[in-house]
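User: I'd like to go through this model and see what earns each label. Can we take it step by step?

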Amino acid sequence: MSFKEVRPAQDSLERYGIKEANAKWNLSPNDLEKITLEKGMGELADSGALSIDTGKFKGRSPKDRFIVKDAITEDAVWWGNINIPFETDHYSSLKDKVSGYLSGKEVYVRDVFAVADERYRLKIRVITELPWSNIFANNMFLRPTEEELKDFEPDWVVLNAPGFMADPEVDHTRQSNFAILNFTDQMAVVGGTGYTGEIKKGIFSALNFILPHQKNVLSMHCSANVGEDGDSALFFGLSGTGKTTLSADPNRKLIGDDEHGWTEDHVIFNFEGGCYAKAIDLSAEKEPDIFRAVKKGALLENIIFKEGTNEVDYHDSSKTENTRVSYPIDHIDNIQVPSMGENPKNVFFLTCDAYGVLPPISKLTPGQAAFHFISGYTAKVAGTEEGVTEPQVAFSACFGAPFMPLHPTKYADMLSAKMKSSGANVWLVNTGWSGGGYGVGNRMKLSYTRAMITAALEGKFDNAEFKTHEVFGLAMPTSCPDVPDEILFPRNTWEDTNDYDRTANELAKKFLSNFEKFSDYASEDIMAGAPKVSEKVG
């Protein structure tokens with residue numbers, strides 16, 4: 001097959017140690033799709049989207065993500081179980097092996113941008129072993145024009161080699177897969193895993209270091225949208241809290257669904273050129289915008305077709321709960337072009353509290369906002385085994401710890417300053433359980449959550465009356481349009497209020513225990529935003 005390539009003036013891969021490769025440069029998604037199908041690597045769904053299987057890994061592997069410890073990172077990165085150090089010599093040896101592995105092969109090169117604000121734009125070259133990985137890069141990053149590609153010279157390079165397996169004893173990795181960032185070489189090297197999310201999260205982790213540390217721009221793991229009056233809103237939240245769903249609002253334009261920056265001159269900008277949405281239980285009724293985006297050009301990952309058809313069974317999780325779809329952002333009709341906005345007026349922290357303790361919406365003080373931002377709380381159901389009903393607590397600093405190389409208080413201090421200068425309201429929204437914890441209560445209705453967020457966006461709470469939560473000190477509005485009053489006060493929804501008090505106390509203790517590792521860095525205002533355990537509760 002012959003395809004149209006767009007090669008830059010400097011098109012040699014030898015500078016990356018890749019020799020005699022049959023490199024295909026900046027092929028169209030259609031051409032990459034044809035190659036994928038010809039090689040038997042994918043199938044077309046009836047919607048026109050390409051379906052592939054990412055292999056052994058159906059999600060990111062945080063324990064196998066490393067940062068090279070060098071002069072740039074040594075004193076700046078928050079080292080530990082999340083940001084795992086990797087020696088420069090070990091990196092150089094492993095990178096040379098990956099380059100050697102890609103040498104002589106057919107590889108696919110994609111030149112793209114990250115960051116909608118041209119002042120902070122990053123030029124990225126993604127070199128992939130597989131054609132469908134290159135489709136993902138095209139979907140998720142900003143796409144240059146042919147004219148911009150002619151003299152393209154990358155700031156960062158991604159080497160992506162799913163078929164290369166590291167030898168842990170020799171290569172100093174934990175196991176055969178790895179994702180390594182090197183800020184001196186300005187390179188991300190991914191091997192042993194076909195999960196495409198490692199490509200984008202590698203670059204976004206780099207930006208989460210570069211922007212705050214070197215550019216004084218707050219980087220955020222959040223979605224964003226904007227109303228008709230230009231009022232931007234941010235939505236922070238871990239997986240399963242509704243970040244993508246709630247930011248896709250038919251009455252507001254989507255800026256982006258995952259990573260954003262907030263500049264000194266009050267501009268919000270998207271990092272991405274696309275969306276990477278969970279596909280499990282996707283339906284036209286619940287998430288119409290995302291459902292309609294699954295069409296020609298979209299890339300489905302690890303889904304199952306209904307037997308004997310090419311119709312996706314979105315409810316089938318037999319491969320993984322983490323079924324995904326990536327698509328260019330213009331697959332969504334209601335988008336902001338370019339993907340930028342003005343100072344946000346409202347910031348939402350989304351949590352899925354499976355304990356049923358936190359109120360469905362509450363307004364935070366600056367200290368509380370910093371405390372909950374650093375905590376990054378949600379709770380997940382422990383599992384699907386019979387009899388297992390206890391939720392699992394999950395804390396992820398800044399609602400995205402695996403992607404944040406700096407100390408969480410760096411991002412929290414910047415967010416607090418932004419909130420004060422912008423006058424933004426910050427809200428904690430519980431999309432989890434009410435009337436009891438998991439197994440007893442019920443999941444908060446999406447219609448109620450949307451009504452509460454809409455009320456906040458429209459200023460309906462500006463002059464509202466608030467009650468203070470007994471343990472967490474949160475300000476809870478006493479009424480909200482289209483939401484029953486009793487829903488707003490979680491204690492009142494429980495059959496046994498003493499049981500509620502005990503559960504709230506236990507959750508508060510978990511918050512405080514988690515926060516101990518940050519307390520030495522936290523200000524008095526932040527510590528004042530912490531919950532207060534009641535000694536009266538048994």
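Analyst: Sure, here are some questions about labels and the values behind them. Keep in mind that this is a predicted model.

User: What makes Val-115 buried or exposed?

Analyst: Its relative accessible area is 0%. Buried means under 20%, so Val-115 counts as buried. Val-115 sits in the loop between strand 6 and strand 7 (122-128). Its phi is positive, near 90 degrees, and the residue is not a glycine.

User: And why is Asn-216 called partly exposed?

Analyst: Asn-216 has 36% relative accessibility. The buried class is under 20% and the exposed class over 50%, with partly exposed in between, so 36% puts Asn-216 in the partly exposed class. You'll find Asn-216 in the loop between helix 6 and strand 11 (218-226). Here too phi is positive, about 55 degrees, in a residue that isn't glycine.

User: Why are helix 3 and helix 6 called oblique?

Analyst: They pack at an angle of about 45 degrees, with axes 9 Å apart. Roughly parallel would need an angle under 35 degrees, and roughly perpendicular runs from 65 to 115. About 45 degrees falls in neither range, so the pair is oblique. The crossing is right-handed.

User: Which residues meet there?

Analyst: From helix 3 come Ser-133, Phe-136 and Met-140, and they meet Gly-197, Ile-199 and Lys-200 of helix 6. Sorted by class, that contact has three nonpolar, two polar and one charged residues. Gly counts as polar in this scheme.

User: What makes strand 2 and strand 16 edge strands?

Analyst: The open sheet has five strands in the order 2-3-17-18-16, and the pairing is mixed. Strand 2 (42-44) and strand 16 (274-278) each have a single partner strand, so one side of each has no neighbour in the sheet. From one strand to the next, the twist averages 20 degrees.

User: How do you know that strand 17 and strand 18 pair?

Analyst: Two strands pair if there are at least two bridges between them. Strand 17 (residues 299-301) and strand 18 (residues 324-328) have three, in the antiparallel sense, so the condition is met. Leu-299 stands opposite Ser-326 in strand 18.

User: What does helix 1 touch on the sheet?

Analyst: Helix 1 packs on the sheet through contacts with strand 2 and strand 3, and its direction makes about 115 degrees with that of strand 2. Its buried residues are Asp-31, Leu-32, Glu-33, Ile-35 and Thr-36. These buried residues also pack against strand 6 (106-114) and helix 3 (131-140).

Note on methods: Residues numbered from 1 in each chain as written. Predicted model: local features only at pLDDT ≥ 70, side-chain atom pairs only at ≥ 80, totals over all residues. Heavy atoms only, no water. Buried < 20%, exposed > 50% of the residue type's maximum accessible area, 1.4 Å probe, protein only. Helix = DSSP H or I, 4+ residues; strand = E, 2+ residues; numbered from the N terminus. Contact = heavy atoms within 4.5 Å. Axes fitted to C-alpha atoms, helices over the stretch in contact; angles between N-to-C directions. Parallel < 35°, antiparallel > 145°, perpendicular 65-115°, else oblique. Left-handed = near helix turned anticlockwise from the far one by under 90°.
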